[in-house]
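Hi,

Here's the structure I promised to pass on. Have a look at it first, and then read my notes underneath.

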Amino acid sequence: MARSGGSPYASILLVLCIFQVTVVRGQSTHPIEANALNAIKARLIDPINNLKKWNRGDPCTSNWTGVIC
């Protein structure tokens, strides 16, 4: 009997890839958590300005240095 279509594993892989992209794109930080990170930054000494991105946008979508979402 001949099989039609591709491998069932390819279909599963495609669904997982789409789910992963959806999950990654949907990440955002609660405003209270972003405010807490900014409060921590305010108390740190950062002479070489490593945390310069810590004042714009969402920590997850704006790639704040050292923040992993």
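**The disulfide and its surroundings**

Cys60 and Cys69 are joined in a disulfide, with their sulfur atoms 1.9 Å apart. Keep in mind that this is a predicted model. Searching the whole structure turns up 1 disulfide. The link between Cys60 and Cys69 is left-handed, with -100° about the S-S bond. Why does Cys69 count as partly exposed? Because its relative accessibility is 43%, and partly exposed covers the range between 20% and 50%.

Now for the record: UniProt has an unreviewed entry that lists residues 33-69 as "domain: Leucine-rich repeat-containing N-terminal plant-type". In the model, that stretch is 30% helix and 0% strand. The C-alpha atoms at the ends of residues 33-69 sit 12 Å apart.

Next, take a look at Asp58, which you'll find in the segment after helix 2 (31-43). Is Asp58 buried or exposed? Asp58 is buried, and yet it has no salt bridge. The nearest side chain of opposite charge belongs to Arg56, and that is 13 Å away.

So what does the side chain of Asp58 have around it? One of its polar atoms lies 2.8 Å from the backbone nitrogen of Cys60, a partner in the disulfide. The backbone nitrogen of Thr61 is 3.2 Å from a polar atom of that Asp58 side chain. Leaving aside residues up to four places away in sequence, Asp58 touches Ser28, Thr29, Asn63 and Trp64.

Cheers

Conventions. Residues numbered from 1 in each chain as written. Predicted model: local features only at pLDDT ≥ 70, side-chain atom pairs only at ≥ 80, totals over all residues. Heavy atoms only, no water. Disulfide = S-S within 2.5 Å. Buried < 20%, exposed > 50% of the residue type's maximum accessible area, 1.4 Å probe, protein only. UniProt positions renumbered as here; feature names shortened; annotations may be inferred. Helix = DSSP H or I, 4+ residues; strand = E, 2+ residues; numbered from the N terminus. Lys, Arg positive; Asp, Glu negative; His and termini not counted. Salt bridge = Lys/Arg side-chain N within 4 Å of Asp/Glu carboxyl O. Polar contact = N/O pair within 3.5 Å; in protein donor to acceptor, adjacent residues only side chain to side chain. Contact = heavy atoms within 4.5 Å.
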